[in-house]
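Trainee: I should like to learn how the features of a protein model are read, one at a time. May we work through an example together?

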Amino acid sequence: MAPVMWPQGDAPVAVSSLLHRLGARCARRRYVVLTLWVLVVAAVATGVLVFGARTNNDIRLPGTGAQNASDLLRREFAPQQNGQSPLVFHVSRGKLTDPANKSAVVAALGNVGRAPQVASVISPFSPAGKTFVSADGRTAVAQVLMRVNGGQLTKALAAQVFAAADPARKARIQVEAGGALGVQLSATKSRRSETIGIVAALIILAFTFGSLAAAGMPVVTALVGLVTGLGLIGLLGHLVAIPDVAPTLATMIGLGVGIDYALFIVFRHRDQLHSGVGVRDSIAQTLATSGTAVVFAGATVIIALLALLVARVPILGAMGYAAALAVLVAVLTAVTLLPAVLALLGHRVDALRLPWRRRADAVSDGENVWARWAGFVTRRPWPALIVALLVLAPLIAPTLTLRLGQEDMGVTSTSTTQRRAFDLISAGLGPGANGPLVAAAAFKPAATPSAAYTGKLRDAERLKRRIDAGTRSLKKKGAALKKRGAALKAAQARLQAQAAALKSRQTVLQAQGAALQRQQAQLLDARTRLTAETASLTAKSQALAAQGQALAAQIAQVQAQIAATTDPAQLAQLQAELVALTKQAQAAQTRLAALQKQGAALAQQAKRLQAQGNALLAQGNALKAQGAALQAQGAQLTAQGAALKKQGAALTKQAALLKKAKKWLMTMGKKATTLKAELTARLTRAGGQPRATDPRVVRLQDALARTPGVASVSPPLVNKSGTAAVIAVTPKTRPADPVTTGLVRRLRDTVLPAATAGAGVTAYLGGATAAYDDLAALISNRLPLVIGAVLAFSFVVLLLAFRSVLVPLKAILCNLLAVGAAFGVLTVVFQWGWGLSLVGLANPYGTVPIASYVPLLMFAVLFGMSTDYEVFLLSQIFQAHAAGQGSHEAVQSGVGTSARVITAAALIMITVFASFILNIDPVIKQFGVGLSIAILLDATIVRMVIVPATMVLLGDWNWWLPRWLRWLPRVDVPEEGAGRAAEQPATET
């Protein structure tokens, strides 16, 4: 069947005529247009300054387990749904448990708890946070819960909370923040990528146009559009959730298409000026031709981005319409602001020319290098096509191993506090601590304390009452016994004192008796001596008396003789003898008197001895009486001692009974301790909440803890009504590890259903890690739908544009080749890790997970842009073919005409996208690599080789349209209607 050509009589949809009039008005009223744009930019800037630009990384994924868990937290545990941000403390020397360090951390956490919008802080030194201290004691993590979500948390507020930890920093403790706080604190306002992209674009434009004035206009208008678009996206964030990555993605796309769209218009306008067309006529005609292409291209990209809404994934939709908004503003600036600027410049558009560049009109479109290249390809279509496919095949092959992952904080820049917190937590608490899972469960009926716990609690309370009563009784009896014992000891002491005094007195009495006996013996000796002396004295007295009598007789005899004698001699002799005798008698008398005196003295002494003897006798009698009294006292003390001994025996018996009672109390105490330990263990596992001992909660907790791959499970948190509980599950592997994804699936598919079966429990697994897994699953499930929508849209657009079936099919296949190759390069660089060092993401894991939404967003963006390039190229080929040229000539002419501008636009896109590889965000790097590689492949291998080759091979079949599709309307595609628009010159005013 011969191919059916496009009917030439169909009336096109008059898009170009509308743009022709718009261009004419913008040129004529350029100052009004410029003023309006100044007002628009000022209004948007004012709105951003007043209300701020808001982004929100809180992922809503309706219908997923993570979203159900988040909704349950929002209802029952607000503000737990906002997620906790870890505040990490680390010391390189010593331990955080050292008194000085601990005091500094406690002071810091006290300040943090008083910071604005902080709902609560879990200290690592509290019972609830004891698992957040590393084994070596050098790292500890406090969990900070904010009252606001990630979208409401500003960088200023995060900085206030972070600054509150200064007491720890002053103590030389390293402090880092993760979670939502870390995201805000790690956000950078560096515009290095944009600057590099703009400078590179200026260089490319300068070489393309040969004029700095012409090169500057696309950049200026693109920047105006970009600033306006980003401001609108920031304000839109107050109404809908815009993820953090969306503004950067919008910057990449908005900057690239903004410069490209302005390039197309400026390029055509200069060509027309060089051809002698007036400024205003040229502007009107340019908008009717290239402006139509820009609107068509922009609409193509916008619709491709909005096709992401088909996935019904909010984060994809948000990034899609954020980027679409940036593209829309870029289109509006290109078709309104740029014409006004061109009208203002007039012929000065070629000002500041580069000396080494030739004038653009000095080169014929049909004689350039691209036309010669197209001629080479068209002459050898099969070899060119085969070589191109052989080049693309190895690039596409790695796509088969592409695995959708999640953002990995472990590969972000170490210059951010978020990455440093990640590394400290991984080293101190394990990699899984950076992405705990959250098991949220709803209970119907409500959870109540378990029967085992309640029974043990009753036993413990009853035992406590018995122990308390026994302790009180034992204490009372012990006090009484102690008192009686003290009294007994006092009595014994007194008795011992009395016995000692009695003994002392007995000793004294014995000493006195002994002294008395010695005195009596001495007295007896004295009396004996006295008796002997008296007897001797008596004998001497008697002898002296007898001597005196004898002397008296002699004296009497002598006196008689004297009286008888007259003899003088004899008388003298007798007188002398008488004198001698008298003297003797006197001496004897004297001696007798002395003896008598001695006798009287002895008699007196004897009398005294007698008195002394009587006194000693009396003393002896008194001592005997005292001895008898002391003996009686000793007997009494002995009796008292026996009584006290009896009392002591009774007290000893009572003490033994008390000791036995005390032993019983100790036994009961041990039993109580064991029971308390059991209750404490149950309550510890239950987080101190009796409701959490409900068997359903315990079964869920045990099932989670027993699951392979789970490092630890936190005590459950049960709400006051007992209708909901939440348990934190820490995996053994980091969040981005595929093993963690396997754990999430295992918990959801087997563990949770088995643990909650038939128990009136509905459990969900949430948390950021699970949410990203859900996002990847959603994208994987809905990827065919989105791809189908984009492909269908692309097919319809090209079908309407060229009224051909094979052109859209071929274009879709070519676009798929470019996208597949870009995905392959993305897989090799990031997932396989072959180029991580080149993109600044070298890490110990050797891989960087490809964020789940990156391929889908890339697919939508690239299909939109590739469709643009396809339309630009095919429209030129179609016009040449419609003008009567054969397939080979039409392809060569079309490529030669469009390649220069397509190449310049592609180079700008590539440099803009590649400049974002310098961004510290791994996701932005992935977009930069993927988009730049895709545009490179699309603009070279696909557009310059595969498309020309297939166009030649298909020949007239390129334009085949079945009869049953001839009713389709004819759309005025780019570059068509140029002649018609040129025939309607704008009125110069």
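**Reading the features of a predicted model**

Mentor: Gln117 is partly exposed, with a relative accessible area of 35%. Please keep in mind throughout that the model is predicted.

Trainee: Where does Gln117 lie, and what is the value of its phi?

Mentor: Gln117 is placed in the loop between helix 4 (99-113) and strand 3 (118-122). Its phi is near 65°, a positive value in a residue other than glycine.

Trainee: Which residue other than Gln117 may I examine for a positive phi, and where is it found?

Mentor: Consider Arg312, which is not a glycine and yet has a positive phi of about 55°. Arg312 belongs to the loop between helix 11 (279-306) and helix 12 (314-345). With a relative accessible area of 54%, Arg312 is exposed.

Trainee: Let us turn to peptide bonds. Which residues are joined by a cis peptide bond?

Mentor: Lys444 and Pro445 are joined in this way, with omega at about 5°. Pro445 sits in the loop between strand 7 (437-443) and helix 16.

Trainee: How should I read the two sides of a helix?

Mentor: The general idea concerns the helical repeat. An α-helix has 3.6 residues a turn, so residues three or four places apart point the same way. For the case here, take helix 13 (residues 369-379), in which Ala371, Ala374, Gly375, Val377 and Thr378 are buried. Viewed down the axis of helix 13, these buried residues fall within an arc of 165°, so they line one face of the helix.

Trainee: Which residues are exposed on the other side of helix 13?

Mentor: Arg372 and Arg379 are exposed there.

Trainee: How are salt bridges recognised, and how many does a search of the whole structure find?

Mentor: The criterion is a side-chain nitrogen of Lys or Arg within 4 Å of a carboxyl oxygen of Asp or Glu. A search of the whole structure finds 10 salt bridges. One pairs the side chains of Arg74 and Asp71, with 3.1 Å from N to O. Both residues lie in helix 3 (residues 65-76), 3 residues apart, which is about one turn of the helix. Arg74 is partly exposed at a relative accessible area of 38%, and Asp71 is also counted as partly exposed, at 22% relative accessibility.

Trainee: Which salt bridge links distant parts of the chain?

Mentor: The side chains of Arg748 and Asp774 meet in a salt bridge of 2.2 Å, N to O. This pair links distant parts of the chain, with Arg748 in helix 19 (residues 738-756) and Asp774 in helix 20 (residues 768-802), 26 residues apart. Asp774 is buried, with a relative accessible area of 7%.

Trainee: Are the partners Asp938 and Arg943 buried or exposed?

Mentor: Asp938 is buried, and Arg943 is buried as well. Their side chains meet in a salt bridge of 2.7 Å, N to O.

Trainee: I should now like to read the surface. Which residues form a positive patch?

Mentor: Arg21, Arg25, Arg28 and Arg29 form a positive surface patch. Of these, Arg29 is located in the loop between helix 1 (15-28) and helix 2 (30-51).

Trainee: Which residues make a nonpolar surface patch, and which helix gives the most to it?

Mentor: Trp382, Ile386, Leu390 and Leu953 make a nonpolar surface patch of about 420 Å². Helix 14 (residues 381-396) gives the most to the nonpolar patch, with 3 residues. Leu390 lies in helix 14 and is exposed, with a relative accessible area of 58%.

Trainee: Finally, how should I compare separation along the chain with separation in space?

Mentor: One sets the count of residues beside the distance between C-alpha atoms. Gly182 and Ala158 are 24 residues apart along the chain, and their C-alpha atoms are separated by 8.1 Å. Gly182 lies in helix 7 (residues 179-186) and counts as buried, at 0% relative accessibility.

Trainee: What is the separation of the C-alpha atoms of Thr534 and Ala601?

Mentor: Those C-alpha atoms are separated by 9.7 Å, while the two residues are 67 residues apart along the chain. Thr534 lies in helix 16 (residues 451-564) and, at 32% relative accessibility, counts as partly exposed.

Conventions: Residues numbered from 1 in each chain as written. Predicted model: local features only at pLDDT ≥ 70, side-chain atom pairs only at ≥ 80, totals over all residues. Heavy atoms only, no water. Patch = residues over 30% accessible without salt bridge, like charges linked within 9 Å, V, L, I, M, F, W, Y side chains within 5 Å. Areas by Shrake-Rupley, 256 points an atom, 1.4 Å probe, with all protein chains shown as cover. Lys, Arg positive; Asp, Glu negative; His and termini not counted. Charge placed at Lys NZ, Arg CZ, Asp CG, Glu CD. Helix = DSSP H or I, 4+ residues; strand = E, 2+ residues; numbered from the N terminus. Buried < 20%, exposed > 50% of the residue type's maximum accessible area, 1.4 Å probe, protein only. Arc of directions from axis to C-beta.
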